[in-house]
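Student: I've got a structure open and I'd like to learn how to read it, one feature at a time. Can you walk me through it?

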Amino acid sequence: MNTTDFSNLPLSKEMLHNLNEIGYTEMTPVQAETLPLILEGRDVIAQAKTGSGKTAAFGIGLLHKLQVKKFRVQALVLCPTRELADQVAKELRVLARCAHNIKILTLCGGAAFGPQLGSLAHGAHIIVGTPGRILKHLDKKTLTLEHLETLVFDEADRMLDMGFIEEIDKVLEYMPKTRQTLLFSATYTDEITAISKRVQKDAMSVKTVSTEVANKITERFYEAQNGNKLETLVNIFSTFLPENAIVFTNTKLEAKEIAEQLQKLHIDALAIHGDLEQYERNDVLVQFANKSCTVLVATDVAARGLDIKELAMVVNYDIPHGEETYTHRIGRTGRAGNEGLAMTLYNTYEIQNANEYQNTTRLFEDSSMLKKVKGFEMRPPYVTLVIEGGKKDKVRAGDLLGALTGEAGLAGSAIGKIDIYERQSYVAIESRLIDAAHKKLSNGKIKGKNFSVWILQ
Ligand code: ADP
Ligand code: MG
């Protein structure tokens with residue numbers, strides 16, 4: 001038996017079965033190192049890079065202890081951003097399929113307060129959220145953590161960067177001192193050790209960085225041709241033809257502008273930055289993840305923690321502020337053993353800054369070697385349909401598939417990823433069939449009801 005088999009852990013039959021169903025055959029290094037300790041009930045502080053499977057490490061741990069019959073909040077996962085909280089909740093829901101009726105609720109800033117009150121009134125076993133909003137609910141007594149068993153800090157370094165420490169301190173006052181506390185962070189600074197000392201007891205420290213298989217990432221640096229970064233970026237795209245890419249900028253304004261300029265050049269791009277409303281951010285992320293958008297132009301904060309599978313390319317449109325940001329950004333490509341491309345653009349006057357990134361594995365390339373393809377375009381294979389009905393309306397993926405593919409409907413192969421949220425659902429449809437699909441869903445019924453349907457663009 002392999003030591004990285006989940007079956008070596010004292011997990012329930014149902015959990016092991018579910019992991020198998022999800023396709024998790026072996027533990028990732030961070031899971032193999034932390035899970036035995038977590039299942040013993042120890043406090044653990046773990047450092048591992050993005051994409052290493054931290055969510056399942058703490059998720060399996062907290063679900064293992066959960067007493068489903070006791071309908072009260074037993075676990076709290078604190079995250080730095082709403083996107084990350086949504087992603088963690090999503091993964092937890094998949095892991096929680098091992099048992100019936102586990103309620104997982106996200107509580108994040110930027111979302112309306114009222115509906116959260118309604119959901120809280122219905123109760124939950126697990127809360128995932130951002131510190132500020134959780135504190136607000138605790139202060140208003142709409143949330144109680146008296147019965148908390150497990151506290152998780154996900155991306156603790158980022159929460160500190162974002163100045164959440166005061167809120168975190170206040171949240172801690174609302175929970176029992178006896179509890180299991182798990183702390184995950186991509187970096188291991190003095191600040192992280194300090195917070196661990198305050199919130200944890202005899203924490204076991206796990207670092208898996210060295211044992212992990214390195215991402216296969218090719219790092220290339222290009223000086224902008226004729227001082228024109230946009231043109232150089234397009235030439236990078238036309239030379240390497242990535243299926244998708246995230247372009248990082250240092251400012252929100254730039255993110256907006258570059259996305260607009262790319263669109264004018266027929267490169268399908270959307271921006272994600274702090275000025276968007278939460279629903280707009282969600283629309284953008286869904287489209288990027290379901291291949292209805294090929295290029296995401298993002299600031300660091302907006303892209304933090306996103307787990308976008310199979311990201312072909314990361315571009316630093318600006319030289320990042322420091323190695324740490326650089327590493328975080330490029331770590332989004334080349335995941336799960338796939339090859340990734342990390343490109344960095346700089347202007348002639350930034351050469352000194354760029355040179356600080358010189359090392360033996362980074363290639364400083366001649367940008368005149370990039371291909372210039374006349375009329376080059378990047379179009380996504382899918383377009384997204386939005387249906388104004390979600391979990392609240394008991395809409396399931398099967399219902400949407402059924403409504404689209406039923407009599408004289410679309411072929412199943414024309415339908416891509418389906419995402420169901422509380423009040424909305426998103427379906428990726430092959431671009432050439434989008435109008436037909438729109439018509440079919442607008443005229444037809446889903447679960448016997450008429451829902452508004454529109455095309456996201
Ligand atoms: P992190 O939080 O460390 O950045 P995630 O928890 O988001 O990483 O996991 C990254 C990806 O790896 C996710 O898509 C997740 O579903 C997948 N994953 C996690 N654990 C396993 C496993 N044991 N086997 C296969 N895939 C896994
Ligand atoms: Mg994570």
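## Reading the model, feature by feature

Tutor: Sure, let's start with a single residue: Ser 185 is buried, with a relative accessible area of 2%. Keep in mind that this is a predicted model.

Student: How do I get from that percentage to the word "buried", and where does Ser 185 sit?

Tutor: The cut-off does the work: buried means under 20% relative accessible area. Ser 185 is at 2%, so it counts as buried. You'll find it in strand S6.

Student: Which residues does Ser 185 touch, leaving out those up to four places away in sequence?

Tutor: Ala 46, Gln 47, Ala 48, Ala 156, Asp 157 and Ile 192.

Student: Let's zoom out. What do I look at for the chain as a whole?

Tutor: Begin with the secondary structure: the protein chain has 17 helices and 18 strands. Its radius of gyration is 23 Å, close to the 23 Å that the globule rule gives for 457 residues, so the chain is as compact as a globular protein of that length. The C-alpha atoms fill a box of roughly 65 × 60 × 50 Å along the principal axes.

Student: And what share of the residues is buried?

Tutor: Of the 457 residues, 51% count as buried. The accessible surface comes to about 21,300 Å², and carbon and sulfur atoms account for 50% of it. For contacts, take pairs at least 6 apart in sequence: 75% of those join residues at least 24 apart.

Student: How should I think about a nonpolar core?

Tutor: In soluble globular proteins, nonpolar side chains tend to be buried together. Here the largest nonpolar core has 41 residues, and Ile 60, Leu 63, Val 77, Ile 126 and Val 128 touch the most other members. Several elements supply at least two residues each, including helix H1 (13-22), helix H3 (54-65), strand S4 (126-129) and strand S6 (180-185).

Student: Which residues is Ile 60 in contact with, leaving aside neighbours within four places in sequence?

Tutor: Ile 60 is in contact with Phe 6, Leu 11, Met 15, Leu 19, Leu 35 and Leu 95. Apart from the largest core lies another one of 29 residues, among them Ile 45, Val 73, Ala 124 and Phe 153.

Student: Now something between the extremes. How do I read a partly exposed residue?

Tutor: Partly exposed runs between the 20% and 50% cut-offs. Arg 198, in helix H9 (residues 190-199), falls in that range with a relative accessible area of 48%. Outside its neighbours within four places in sequence, Arg 198 is in contact with Ile 165 and Asp 169. The C-alpha atoms of Arg 198 and Asp 169 are separated by 9.6 Å, and the two residues are 29 apart along the chain.

Student: Last one: what about backbone angles? Which residues have a positive phi although they are not glycines?

Tutor: Two to look up are Glu 155, with a phi of about 50°, and His 266, with about 65°. Glu 155 is in the loop between strand S5 (150-153) and helix H7 (156-161), while His 266 is in the loop between H11 and S10.

Student: Are they buried or exposed, or partly exposed?

Tutor: Glu 155 counts as buried at 8% relative accessibility, whereas His 266 is partly exposed at 38%. Leu 265 is in the loop between helix H11 (252-264) and strand S10 (269-272) too, and it counts as partly exposed at 37%. Not counting residues up to four places away in sequence, Leu 265 touches Leu 230, Val 234 and Phe 376.

Definitions and conventions. Residues numbered from 1 in each chain as written. Chains lettered and ligands numbered in written order. Predicted model: local features only at pLDDT ≥ 70, side-chain atom pairs only at ≥ 80, totals over all residues. Heavy atoms only, no water. Helix = DSSP H or I, 4+ residues; strand = E, 2+ residues; numbered from the N terminus. Rg over C-alpha atoms; globule rule 2.2 N^0.38 Å. Buried < 20%, exposed > 50% of the residue type's maximum accessible area, 1.4 Å probe, protein only. Contact = heavy atoms within 4.5 Å. Areas by Shrake-Rupley, 256 points an atom, 1.4 Å probe, with all protein chains shown as cover. Core = buried A, V, L, I, M, F, W, Y, C linked by side-chain atoms within 4.5 Å.
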